[in-house]
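Biologist: Please take one part of this model and look at it closely with me, going slowly enough for someone in their first year. I would like to see how that part sits among its surroundings and in the chain as a whole.

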Amino acid sequence: MKRERATTLVEDMLRRLDEGTDWPLTLVDELYLFGSYARGALEPHDVDIAVDFHRDERMRQLEVASIFSGRNPRSELRQQLAGRSRGIQFQFDTAQRRQLESEGVPMLRLWRRGDTLQHALSILHAIQPDPSAGRAPRDDMIEEFEGLDRAIPRPARHDLITWRDTGQITISRITPPDQPAEPADTEIAYDLRTRWVDHSPLRRAALAALQHLQDQDVDLSDVELSGYRLPTPSRMAGRLEDARWWVNWKWQHVHPVLPGRR
């Protein structure tokens with residue numbers, strides 16, 4: 001992404017924040033710039049922004065409800081900050097921001113509640129382009145994450161590698177087929193058609209995951225797919241055991257373990 005485009009994205013976000021009087025924008029306390037854009041890179045991969053916000057009762061209730069629904073409690077805040085634009089990566093965990101700072105990652109405070117739009121824009125425009133500034137070294141990377149690091153949050157990468165290195169889990173990477181097979185079970189096939197249209201990449205991912213599990217002789221009655229159990233004959237007959245296998249493409253249930261936290 002060209003630097004000019006990245007700057008426009010941040011300017012638009014600041015204007016939305018300055019004009020926003022609705023929940024949850026009213027919860028935002030501070031914004032910090034970090035990463036390659038903040039260092040002046042001419043073609044940053046994206047713009048990294050750390051968001052400090054406070055929780056009111058409505059947000060706390062949403063977070064509790066999200067545990068059971070599988071919904072990301074930050075999705076509405078993210079959408080109101082970024083609009084429909086892509087290219088901004090948000091960090092919503094204040095403890096993680098402080099951890100990054102302790103590791104030497106520079107954080108530039110771009111905005112705090114009470115600042116004017118003009119003040120925030122002056123900080124943004126004061127960042128000097130630097131042709132020598134590239135992307136920061138990627139921490140917490142292993143071969144299995146190559147090319148996927150933008151899709152896997154850094155705290156999640158850190159914990160997954162720690163669990164792997166301590167023998168608690170194994171990590172492998174599977175390339176799904178271009179055209180995964182439809183489930184032979186007509187009820188499951190119908191369920192997938194009602195959840196995703198034929199050309200949806202999520203449908204392809206779901207089909208590929210189910211095909212892989214069946215190749216491993218997994219009973220699909222034990223599978224939770226994107227937050228829901230599959231309508232297998234045994235479950236429809238009343239078998240209600242807890243899931244043993246989970247298929248998803250979100251990270252809202254991953255809680256990073258930071259120093260000093262358990």
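Modeller: Helices and strands are here runs assigned by DSSP, with at least four residues for a helix and at least two for a strand, and they are numbered from the N terminus. With that in mind, and remembering that this is a predicted model, we can begin at Arg-84, which lies in the loop that leads from α3 (75-82) to β3 (88-91). The relative accessible area of Arg-84 is 83%, and because a residue counts as exposed when this value is over 50%, Arg-84 is exposed. Arg-113 comes 29 residues away from Arg-84 along the chain, and the C-alpha atoms of the two are separated by 23 Å.

Stepping back from the loop to the helix before it, we find that α3 meets helix α1 (residues 3-19), for the axes of the two come within 7 Å and cross at roughly 110 degrees. Angles of 65 to 115 degrees count as roughly perpendicular, and therefore α1 and α3 are described as roughly perpendicular to each other. On the side of α1 the contact is made by Met-13, Arg-16 and Leu-17, while α3 contributes Gln-80, Leu-81 and Ala-82. Sorted by class, the residues in this contact of α1 with α3 are 4 nonpolar, 1 polar and 1 charged.

Elsewhere in the chain there is an open sheet of 3 strands, arranged in the order β6-β5-β7 with mixed pairing. Strands β6 (228-229) and β7 (245-247) stand at the edges and have a single partner strand each, so one side of each is left without a neighbour in the sheet. Strand β5 (residues 223-225) runs parallel to β7 and is joined to it by 3 bridges, and Glu-224 stands opposite Trp-246 in β7. Helix α8 (residues 201-215) packs on this sheet, where it touches β5 and β7, and its direction makes about 170 degrees with that of β5.

To place these parts in the whole, the protein has 9 helices and 7 strands, and its C-alpha trace spans about 65 × 40 × 40 Å along the principal axes. Of its 262 residues, 40% count as buried, while the accessible surface comes to about 15700 Å², with 49% of it belonging to carbon and sulfur atoms. Among the contacts with a separation of 6 or more, 63% are between residues 24 or more positions apart.

Note on methods
Residues are numbered from 1 along each chain as its sequence is written. This is a predicted model: local features need pLDDT of at least 70, side-chain atom pairs count only at pLDDT 80 or more; totals for chains, interfaces and linings use all residues. Side-chain values use heavy atoms; hydrogens and water are left out. Buried means under 20% relative accessible area, exposed over 50%, partly exposed in between (1.4 Å probe, protein chains only). Axes are lines fitted to C-alpha atoms, for helices over the stretch in contact, and angles run from 0 to 180 degrees between N-to-C directions. Angles under 35 degrees count as roughly parallel, over 145 as roughly antiparallel, 65 to 115 as roughly perpendicular and the rest as oblique. Contact means heavy atoms within 4.5 Å. Ala, Val, Leu, Ile, Met, Phe, Trp, Tyr, Cys and Pro count as nonpolar, Asp, Glu, Lys and Arg as charged, and the others, Gly among them, as polar. Two strands pair if DSSP finds at least two bridges between them. Accessible areas come from the Shrake-Rupley method with a 1.4 Å probe; for residues, only the protein chains shown count as cover.
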